[in-house]
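Here is a short set of questions and answers for a computational chemist. Please look over the sequence and the structure first.

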Amino acid sequence: MSNNYFTTPIYYVNDKPHIGHAYTSIAVDILKRFYDCRGLNSYFLTGTDEHGQKVERAAQEKNIDPQKFTDMVSENFKDLSNLLNLSNDDFIRTTEERHKKSVQNLWRVLLEKDEIYLSKYSGWYSVRDEAFVADNEIVEKNGKKYNSFGSELSWVEEESYFFRLSKWQDKLLNFYKNNPNFIVPKSRSNEVIKFVESGLKDLSVSRTTFKWGIDVPTDEKHIVYVWLDALTNYISALDYPNINSDLYKKYWPGIHVVGKDIIRFHAIFWPAFLMAAELDPPKQIVAHGWWTNEGQKISKSLGNVIDPKELIDEYGLDSVRYFLFREVPFGNDGDFSKVAIKNRINGELANNYGNLIQRILSFICKNLEQNIDLTEDNFNFEILKQINDSEKELFDYMENYKYDEYLKKLFLFMNDLNNYVDKSAPWVLKKTDPEQMKKVLANICLCIIRVSQYLVPFMPSKTSEVFNLFENTNNIKLDIFDNFKEVINLKFLKIRQPEPLFTKIE
Ligand code: MSP
């Protein structure tokens, strides 16, 4: 459980960051923060995939040297990490020396072990996916050839090194059998197993017809095929080839979060490369679905690409983070729509969460001179007990990537709290039973803090604003779940006058 290593795919720099990039990155950020909140150590890597024909072409179109081009575009992805408030520990670029050294070392090992041999490749290739395409996966339309993702194919015929993937078929199937949670969700796992069972062909792992890549260290005519190059980033960042390094020993094997389109590379090629080099295969591949925009596939040609920056400018970062993971069960495809995000923000964030805080804390400031006493039996408050008792269930959700269930559960508590406020009516108690009113308010404050703690991984900034409203908790690190007991030990809570936490969308 401890020392988890979470990665995002490294992003192609041929393009501007879009919602798909943001989605995978936030997914991993939430995991990393969730483990931080539990006081568990983990490591988070993201970065950019800078080689290959697609990137070379993008640089040519702009008439810029590919290195200069990638320097520029990878900055956009670093900016995205800041914009998304990512807590990544490292950012790797495949044009860095540490990575070249790592890839070339892996190449040598595979060659020495006779896992790679020289031959000739002729077949169809998708530049957009940087993937070779088998005959039975080709779709013909208007005399042109496409792969199943609709990317146009071109004929490639060149001398190439091959990795003996076919040899790993049974070992991979065995590995999947012995590690039933290797690929999640299950439906994706079945797809991969079916594909491997249908037979694996050796994989072309070098190219000669363009230049933008890592040189094959043993043959200067060739560069390393971009996926062998790219996948290796996950261990380059842990100091491979030095497998005795602290990072490697502590964090490998890792958990790779990826979109459904790139599962095969991660769940078939990558473990095979690693096993062939006598390294451990990854711990897990977690695949998420794809977003559409108002029901339509997102594509540059349709002009409906969602820019994460525009989204955040319009709705606010934490609201976007909440929406993306509440709206769609992780693993399923999801549709982005303005109506859907508006409903989530207005209904759940502004009305349910924000308004609870606003009305209760304002009431305390107005009626109790900002102080609320805590007594021994606060712990016995029914809703607080329920929240505490549900911790295991909440953790199970997150360990199984059920982000939406986790959030749903927390917001049910928020409903209960709002109902409790309405039912116990502190504004009436003020006149009839001031002692009971204080108790009710103390209970609600504790629950607000508790639920907010569990929301930290999703909304780190908003929850920090909430914690700030409890002035005398400021030296307790509330972003660690366990530190709640320090709040309980306080004699009172000193409240600051709140400002509305979320703005309603008109
Ligand atoms: N460079 C490779 C990954 C190499 S990892 C060793 C690559 N890069 S990418 O930039 O094209 O895609 C990165 C991620 O964005 C993928 O996980 C992909 O699934 C995701 N998405 C792209 N479009 C998406 C949506 N519309 N919705 C959700 N995610 C999508 O592939």
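**Loops, sheet, helices and ligand**

Q: In which loop is P185 found?
A: The model is a predicted one. The peptide bond from V184 to P185 is cis, with omega near -5 degrees. P185 is found in the loop between β9 and α6 (186-197).

Q: Which residue does a cis peptide bond join to W252?
A: The residue in question lies in the loop between α9 (246-251) and β13. Omega of the bond is about 5 degrees. Most peptide bonds are trans. The partner of W252 in this cis bond is P253.

Q: What is the strand order of the open sheet of 6 strands?
A: The pairing in this sheet is parallel. Its edge strands, each pairing on one side only, are β3 (90-93) and β9 (183-184). Read across the sheet, the order is β3-β2-β1-β13-β14-β9.

Q: How many bridges join strand β13 to strand β14?
A: Strand β13 covers residues 255-259 and strand β14 covers residues 284-288. H256 stands opposite I285 in β14. The two strands run parallel, and the number of bridges that join them is 5.

Q: Which residue of strand β1 stands opposite H256 in β13?
A: Strand β1 (residues 4-12) pairs with β13 in the parallel sense. The pairing of β1 and β13 extends over 2 bridges. The residue opposite H256 is T7.

Q: What is the handedness of the β-α-β unit made by β13, helix α10 and β14?
A: The helix of this unit, α10, covers residues 263-276. The two strands of the unit, β13 and β14, run parallel. The β-α-β unit is right-handed.

Q: How many of the 5 residues of β13 are buried?
A: In a regular strand the side chains alternate between the two faces of the sheet. On one side of β13, I255, V257 and G259 are buried, and on the other side H256 and V258 are buried, so both faces are covered. The strand is therefore largely enclosed by the rest of the structure, and the number of buried residues is 5 of the 5.

Q: How far apart are the end C-alpha atoms of helix α16?
A: Helix α16 (residues 403-424) has 22 residues. At 1.5 Å a residue the helix should span 32 Å. The model agrees with this, because the end C-alpha atoms are 32 Å apart.

Q: Which residue just after α16 takes a positive phi?
A: Most residues other than glycine have a negative phi. Here the angle is about 40 degrees, and the residue is A425.

Q: Is D114 buried, partly exposed or exposed?
A: D114 is in the loop between α4 (97-112) and β4 (116-126). Its phi is near 60 degrees, a positive value in a residue other than glycine. With a relative accessible area of 43%, between the cut-offs of 20% and 50%, D114 is partly exposed.

Q: Is E130 buried or exposed?
A: E130 is in the loop between β4 and β5 (131-133). Phi of E130 is near 45 degrees, which is positive in a residue other than glycine. Buried means under 20% relative accessible area. The value for E130 is 0%, so E130 is buried.

Q: Which residue offers the backbone oxygen that the side chain of S452 reaches?
A: S452 is found in helix α18 (residues 434-455), and S452 is buried, with a relative accessible area of 0%. An α-helix has 3.6 residues a turn, so residues three or four places apart point the same way. At 2.7 Å from the side chain of S452 is the backbone oxygen of I448.

Q: Which side chain makes a polar contact with the side chain of S452?
A: Leaving aside its neighbours within four places in sequence, S452 is in contact with Y353, T463, V466 and F467. The polar contact between side chains is 2.7 Å, and the partner of S452 is Y353.

Q: Which residue has a polar side-chain atom 2.7 Å from a nitrogen atom of the ligand?
A: 22 residues surround the ligand, and the closest are I10, D49, G259, D261 and W291. A polar backbone atom of I10 is 2.8 Å from a nitrogen atom of the ligand, and a polar backbone atom of Y12 is 3.2 Å from an oxygen atom of the ligand. The side-chain atom at 2.7 Å belongs to D49.

Conventions:
Residues are numbered from 1 along each chain as its sequence is written. This is a predicted model: local features need pLDDT of at least 70, side-chain atom pairs count only at pLDDT 80 or more; totals for chains, interfaces and linings use all residues. Side-chain values use heavy atoms; hydrogens and water are left out. Two strands pair if DSSP finds at least two bridges between them. Helices (H or I, at least four residues) and strands (E, at least two) are DSSP runs, numbered from the N terminus. The expected span of a helix is 1.5 Å times one less than its number of residues. Buried means under 20% relative accessible area, exposed over 50%, partly exposed in between (1.4 Å probe, protein chains only). A crossover is right-handed if, with the strands pointing away from the viewer, the path from the first strand over the helix to the second runs clockwise. A polar contact is a pair of N or O atoms within 3.5 Å; within protein, one must be able to donate a hydrogen and the other to accept it, and residues adjacent in sequence count only if both atoms are side-chain atoms. Contact means heavy atoms within 4.5 Å. A residue is near a molecule or strand if one of its heavy atoms lies within 4 Å of it.
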